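Reader: Hey, I've just opened this one and I'm new to it. Can you walk me through it?
Author: Sure, have a look here and ask away.

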Amino acid sequence: MSLSPEQVAEQRAIGNDRENAPVMAPGYTMESVTETIAGIPLSKNIRMGWAVGFLIAFGGMNLLLLSIVWLLYRGVGIWGINSPVGWGFAIINFVWWVGIGHAGTLISAILLLLRQQWRMSINRFAEAMTIFAVSCAGLFPLLHTGRPWMAYYLFPYPSTSGMWPQFRSPLVWDVFAVSTYATVSIVFWYVGLVPDLGTMRDRAKNKLVKFLTGMLALGWRGSARHWHRYEMASLLLAGLATPLVVSVHTVVSYDFAVGLIPGWHVTLFPPYFVAGAIFSGFAMVITLAIPIRWYFGLEGLVTLRHMENMAKVLLATGMCVAYGYSMEVFFGWYSASRYEEYLVFNNRMLGPYGWSYWMLILCNVISVQVLWFRWVRTNMFALFILSIIINVGMWLERFVIVITSLHADYLPSSWGMYYPTFWDIAMFIGTIGFFLTSMFLFVRAVPMISIFELRTLLPQARVKEVEK
Amino acid sequence: MAVHFEDGGKRFVTQLFSKSANSLARMSIIIGVFTLAGAGAVGALFYRSPYYTNQNVVRSQPVPFSHEHHVAGLGIDCRFCHFNVETSAYAGIPPTHVCMTCHSQVWTEAGVLEPVRESYRTGESIEWQKVHRLADYAYFNHSAHINKGVGCASCHGQVDDMRLMFQNETLQMSWCLECHREPERFVRPKDEVFNMAWTAVDQKALGAQLVEEYDIQSKVTCTTCHR
């Protein structure tokens, strides 16, 4: 029994209720939830808007491929990195992308353990976002090595050189943190997909789709034993993924905090980075969720309740980040070290890159304060713009950390300016293209919202539980 | 087969996969694990095999020169031919003149020595094939080792027992590091460096004493060898 257009319109209206949107609009049934969500990947039609968006993103991805080929041919000299600024865009983008991934893990793991029902409508695509963001992130340090084909040196394997990687270096910890994170995220995401792949297999008309989803569904029949095992597995994976929400960006922050460069050697870095990661991740989830729920008419499932909750998380983590910025300034002064003082005041605030510092404060601290108003939290246009501003702000934060600290540290004789080149920018835009291409394919290929989890939110599902 | 779906529907579905798909899926896990582990093991063994390292592989030479005959049989010192070894990075391949010191008098008609005589007549070098080929990014100096009490045999093996020359060790970095990390396990008195038969009575005590006496340091920084 599918929904009539009038019912859909009504549910969208309820989902868009700015005063009192529920987690899920009323009127859905087991059947209609399944049909609404599974109908998108199973539909034969390719919609115009999707196709245009995909092609634009695909163009960006090709820019990435082009930049990588040119980089491998010419070497990292095509980038703006120099001495003293050896890290440049590659590391900025790496930290930015890894940070974005964190929201997906937080939503799927921590909110699962906290039994937050509102997570169910957004966890699937937030997790997909995590995987694609981590893929983008992984590219940068790999390419920044200059000889990515030697990157296996970073892994401890019984090599004939008789040497191990330098385990005291946070760069090696990074390899473990990020590769563990990518593995757990992919497994978690896939395990969560299995019941829905079973649904896809049962509903697909196309033989090939039936075969592929059937294979990926691993023989899922929805028996009690299957569900029991599924619940066990997802709980265990959530337990595994929960520490990763904190640990991955902590280790990323060690890349800086363990170094002795002014502005990096700060004990605050791990929590400050984790908060920033969740902040940027939720901004990205909002950036993606707003157009997706509108375009696919999913406002009845991803309601303003979800959007407002996420906006609140943004506000909370934004305040954590603001605290981090103020403490950075405080430490600079309180350290009584002339280098730290110089970095914070003369270099970051008033130096040649001062504009980036003040832009960062504007984006990440001042503009976020509008989220105190419910009107902004429930206005999708305003929230969308704000999420973009925060994405930019979080990128600028990493720019400020990497560039200002490196370009002028202890020895004035080795100070220097950093300017990105065309290829720096091309590669960054390219990863955005790759990320969006993956997202476009994802929403078209698999159910972007967890069908079976949403069905547990239905009143019918709850009645059964009471009867027991 | 009629199947009751969770959404309340009841549909007839046909089997997508045959029964064997279950065993196939289970087997694929085991096969996958074994394939991965096997690939790792094969890789690790390959890079340690003589095929890759040339350890114990005889390299063919223009003249079948026997170290066994010249060193063990005739008692010629290493330095008679490799006369640069104490002062230079390279031990050196002897020029034809060195061969002809004796071979202008003995075995003057021997067929196998024709390339030597030809080289002497024409002035063209004999194209000896280098047996111990270190990677070009590794810096190695013979004199530094010889003058600190590293015996020829420690790296080149019992040369006096080799009819045809081959590489006795892997020449891999882990092998270099064995000694660079713990030189006391391998050093010998300087006057025994060229002695093929020398063995320590108590290497532990002797090594510690020699390391002290010769001021031997454990050199394991990257730039010791990769300059």
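Reader: Let's start with chain A. How many helices and strands does chain A have?
Author: In this predicted model, chain A has 17 helices and 0 strands.

Reader: OK, and is chain A compact or spread out?
Author: Chain A has a radius of gyration of 23 Å, close to the 23 Å from the globule rule for 468 residues, so chain A is as compact as a globular protein of that length. Its C-alpha trace spans about 75 × 55 × 45 Å along the principal axes.

Reader: How much of chain A is buried?
Author: 43% of its 468 residues count as buried.

Reader: And the contacts in there, what percentage join residues at least 24 apart?
Author: For chain A it's 81%, counting contacts between residues at least 6 apart in sequence.

Reader: Switching over to chain B. What's in that one?
Author: Chain B has 11 helices and 2 strands. Along the sequence, the two strands come first and the helices follow.

Reader: Compact or spread out, this time?
Author: Chain B is more spread out than a compact globule, because its radius of gyration is 29 Å, well over the 17 Å that the globule rule gives for 227 residues.

Reader: What does the C-alpha trace of chain B span, then?
Author: About 105 × 50 × 35 Å along its principal axes.

Reader: And how much of chain B is buried?
Author: Of its 227 residues, 11% count as buried.

Reader: Last one: what about contacts between residues 24 or more positions apart in chain B?
Author: Those make up 66% of the chain B contacts with a separation of 6 or more.

Methods
Residues numbered from 1 in each chain as written. Chains lettered and ligands numbered in written order. Predicted model: local features only at pLDDT ≥ 70, side-chain atom pairs only at ≥ 80, totals over all residues. Helix = DSSP H or I, 4+ residues; strand = E, 2+ residues; numbered from the N terminus. Rg over C-alpha atoms; globule rule 2.2 N^0.38 Å. Buried ≥ 20, exposed ≤ 12 C-beta atoms within 10 Å, placed from the backbone. Contact = placed C-beta atoms within 7 Å.
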